Every structure is written in structure tokens, then in C-alpha cells.
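Please look through the sequence and the structure shown below before reading on. The briefing after them is meant for someone meeting this structure for the first time.

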Amino acid sequence: MASTFEVVAQPARRAILDRLRAGEQLVGDLAEALGLAQASVSKHLRVLREAGLVQARIDGPRRWYTLRSQPLVELDEWLAPYRWMWESRLDDLGAHLDAMPDLTHSDEPGAGS
């Protein structure tokens, strides 16, 4: 079985997870929204389900898919010790931008005087 990191490394699977943040969806709706073949979305959903990232609710002939957050919480907890690396860089960028003089539209290159 693939690790959660291996599963979410695939862009189409991340796109599916992004769509499921809005709530429960059918395979066909996901396929249409993502511009993918329904068979392809079904395969990605199977991988996501095996990794515990989604669950399916059977409603007659239809399967409704929902996001399961627990594996994502585990990813977030693993990333937490590394978060300082980009947070300090964002703080540095903010300090740099605060130190820059404000430009008005008339100060921009190419603006008429």
C-alpha cells in the first residue's frame, strides 16, 4: 500500500481532494469538474480510499465520495517541525516589503509626468 505522501504526490488526486473540500460528490461530477475520464477518476478514488483519504457512501447505484481529514492531520503534524523554514522567509519578505517606499501610479516606470 502506498504511503499518504505517495498518494497525494499525484496532481489529479490532489485536485480530487480539493474538490471534495466543498462536500460530498459523485464520480461523474468530479470527472466533469476536473476534465478527466470517469474511469480515471474512479481509479484515483480507489487509491485515495485505500489510503483512507476518502470514503464512499453507497446510495443505490451511485457512490458519493467525501474527504476524510485524519490522514491529512497526520501529514500536517509531520510537516509542523519544518514550518519555521517558510514562515521565517515570509516574515523576512514582509519586513523587506515594509521597508520599501510606497509607489504611487505616477511613480511607476512608463507613467507620464
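What follows goes through helix packing, the nonpolar core, one helix in more detail, and two single residues.

This is a predicted model, and every statement here should be read with that in mind. One helix pair, helix 2 and helix 4, has axes that come within 10 Å of each other, and the largest nonpolar core holds 17 residues.

**Helix 2 against helix 4**

- Helix 2 covers residues 11-20 and helix 4 covers residues 38-50, and their axes cross at roughly 80°.
- Because angles of 65 to 115 degrees count as roughly perpendicular, helix 2 and helix 4 are described as roughly perpendicular to each other.
- On the side of helix 2 the contact is made by Ala12, Arg13, Ile16 and Leu17, while helix 4 contributes Val41, His44, Leu45, Val47 and Leu48.
- By type, the residues of this contact of helix 2 with helix 4 divide into seven nonpolar, one polar and one charged.

**The largest nonpolar core**

- Of the 17 residues in this core, those that touch the most other members are Ile16, Val41, Leu45, Leu48, Leu53 and Val54.
- At least two residues of the core are supplied by each of helix 1 (4-8), helix 2, helix 3 (27-34) and helix 4, and the largest share, four residues, comes from helix 4.
- When its neighbours within four places in sequence are left aside, Ile16 is in contact with Leu30, Leu34, Val41, His44, Leu45 and Leu48.
- As general background, nonpolar side chains tend to be buried together in soluble globular proteins.

**Helix 3 and its buried face**

- The buried residues of helix 3 are Val27, Leu30 and Ala31, and seen down the axis of helix 3 they fall within an arc of 100°, so they line one face of the helix.
- The elements that cover these buried residues of helix 3 include helix 2, strand 1 (25-26), helix 4 and strand 3 (62-67).
- Gly35, which follows helix 3, has a positive phi, near 70°.

**Two single residues**

- Gly28 has its place in helix 3, and it counts as partly exposed because its relative accessibility is 27%.
- Gly28 and Arg57 are 29 residues apart along the chain, and their C-alpha atoms are separated by 15 Å.
- Ala22 lies in the loop between helix 2 and strand 1, and it counts as exposed because its relative accessibility is 74%.
- Ala22 and Leu67 are 45 residues apart in sequence, with a C-alpha to C-alpha separation of 9.2 Å in space.

Definitions and conventions: Residues numbered from 1 in each chain as written. Heavy atoms only, no water. Axes fitted to C-alpha atoms, helices over the stretch in contact; angles between N-to-C directions. Parallel < 35°, antiparallel > 145°, perpendicular 65-115°, else oblique. Contact = heavy atoms within 4.5 Å. Nonpolar A, V, L, I, M, F, W, Y, C, P; charged D, E, K, R; others polar. Core = buried A, V, L, I, M, F, W, Y, C linked by side-chain atoms within 4.5 Å. Buried < 20%, exposed > 50% of the residue type's maximum accessible area, 1.4 Å probe, protein only. Arc of directions from axis to C-beta.
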